[in-house]
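Let's take a friendly walk through one model, looking at how its strands pair and where its charged side chains meet. Keep the viewer open as you read.

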Amino acid sequence: MAIFKKPDSSDYVLAIECDGATYHSSKNARDRDRLRQEILERMGWNFYRNWSTDWLRNTSVEKERLFEACTEALHKGRYVRPEEAEDEAAEPIVFEKTIAPKHITFPEYHDANVYDLRRVHFDLQSYGKAIMEVEAPVSEEYLLKQIFFIYNREKVTSVVKQQFASQMYGCERNGIVRHKGFLYLVDQKKISLRVPGDKREIKYIAPEEIAAGLMTLLKQNYSAEKDGLYRTLANQLGFARMGDAIVARFDEALGILKNGTVEGDMVSLKQE
C-alpha cells in the first residue's frame with residue numbers, strides 16, 4: 001500500500017492499495033484489507049485501489065485515474081477535528097498532473113545594448129559589469145559573442161579569449177565573479193529564471209538560473225515527474241524539442257538544488 005501526502009503538510013490524505021487482483025482474491029487478504037480500509041476511512045482517509053495488472057495493461061488510463069483520485073483527495077482533505085481547525089491552511093492546494101504554471105510569471109531576459117554601453121565604458125571590466133547589470137549571470141562565451149568587435153575581430157577567436165581573460169584579471173575587486181565559464185555579480189541578491197525576450201541557447205543559461213526555475217515550478221506543485229518538469233521548463237525557455245543537451249543541463253541544475261530530492265522518476269521538495 002502507498003500513501004499520498006498533502007504538500008507542505010504532515011497530513012496523509014489518500015491510501016493507495018497497489019497489490020494485484022490474484023493476491024486480493026484470497027480470503028485472508030480480503031479480510032485484512034477490508035479491516036484496514038474500514039479503520040482508515042473512520043479516521044477520515046480517502047481510499048483508492050489500483051490493480052497492478054490493470055496498470056501494466058493500460059498505464060496511461062490508470063495514471064489518469066490515479067491523478068484524479070489524488071486531486072479529489074487533496075480538495076476533500078482529511079477529517080479535521082475542531083481543535084485542529086485553526087491550524088489548517090486556509091487556501092486549497094491544487095495538485096497538477098502536468099505542470100502548467102499559468103499563474104507563474106517569469107521575468108524576461110534581454111540582451112544589453114552593448115554598442116551604447118561601449119560609448120561610456122572604455123575599460124573592459126567596467127564595460128563588462130555594465131552589461132552584466134542587464135544580463136547576469138551570463139556566459140563568458142555569450143558575452144564575447146556580443147563584444148568581439150572591441151578587439152577588432154570579426155568573430156570570437158583564441159586571441160580574443162586570451163585578451164579577455166587577461167583583462168579580467170582581478171575582476172573580483174570590481175564585484176565580478178568568474179566561475180565555470182559564467183560571470184556573476186557579487187552583489188546580485190537573487191538569481192531567477194528568465195524566459196526569452198531575447199532567446200539564448202541552453203549552454204548560455206547558468207545552472208543556478210535553471211535551478212531557480214525548477215525550484216519555482218516545484219514550489220507550485222511540490223512533486224512532479226522529472227520528464228514533465230523538464231518539458232515544462234523547456235517550454236518556458238522557448239525550446240520546442242528537448243534534446244540531450246537540454247536534459248544534461250537540467251540534470252546539472254537539478255543536482256545543485258539544496259532542497260530537492262529525486263526518487264526514481266519523481267522530483268520532490270524536502271520537508272522543512
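Is Arg-249 buried or exposed? In this predicted model, Arg-249 is buried, because its relative accessible area is 14% and the cut-off for buried is under 20%. Its salt-bridge partner, Glu-252, has a relative accessible area of 37% and is partly exposed. The two side chains meet with N and O 3.2 Å apart. Both residues sit in helix α11 (residues 244-255), and because they are three residues apart there, about one helical turn separates them.

**Salt bridges**

In general, side chains of opposite charge can pair when their charged atoms come close. The count for this model comes to eight salt bridges. Three of them are set out here, each with its N to O distance and the relative accessibility of both partners.

| Pair | N to O distance | Relative accessibility |
|---|---|---|
| Arg-119 and Asp-116 | 2.3 Å | Arg-119 59%, Asp-116 40% |
| Arg-194 and Glu-209 | 2.9 Å | Arg-194 9%, Glu-209 0% |
| Glu-252 and Arg-249 | 3.2 Å | Glu-252 37%, Arg-249 14% |

Take the Arg-119 pair to begin with. Arg-119 counts as exposed at 59%, while its partner Asp-116 counts as partly exposed at 40%.

Now turn to Arg-194 and Glu-209, whose closest N and O atoms are 2.9 Å apart. This pair links distant parts of the chain: Arg-194 lies in the loop between β7 and β8 (195-196), Glu-209 lies in helix α9 (residues 207-221), and 15 residues separate them. Both partners are buried, Arg-194 at 9% and Glu-209 at 0%.

How do the accessibilities of the Glu-252 pair read side by side? Glu-252 is partly exposed, whereas Arg-249 is buried. Elsewhere, Arg-194, Arg-200 and Glu-209 are joined into one network by salt bridges that share partners.

**The sheet**

As background, strands of a sheet pair through backbone hydrogen bonds, either parallel or antiparallel. Which order do the three strands of the open sheet follow here? They run β5-β7-β6, with antiparallel pairing. The edge strands, each pairing on one side only, are β5 (138-139) and β6 (176-179).

To follow one of these pairings in the viewer, start at β5. This strand pairs with β7 (residues 182-185) in the antiparallel sense, over two bridges. Look for Val-138, whose bridge partner in β7 is Leu-183.

Conventions
Residues numbered from 1 in each chain as written. Predicted model: local features only at pLDDT ≥ 70, side-chain atom pairs only at ≥ 80, totals over all residues. Heavy atoms only, no water. Pairing = 2+ DSSP bridges. Helix = DSSP H or I, 4+ residues; strand = E, 2+ residues; numbered from the N terminus. Salt bridge = Lys/Arg side-chain N within 4 Å of Asp/Glu carboxyl O. Buried < 20%, exposed > 50% of the residue type's maximum accessible area, 1.4 Å probe, protein only.
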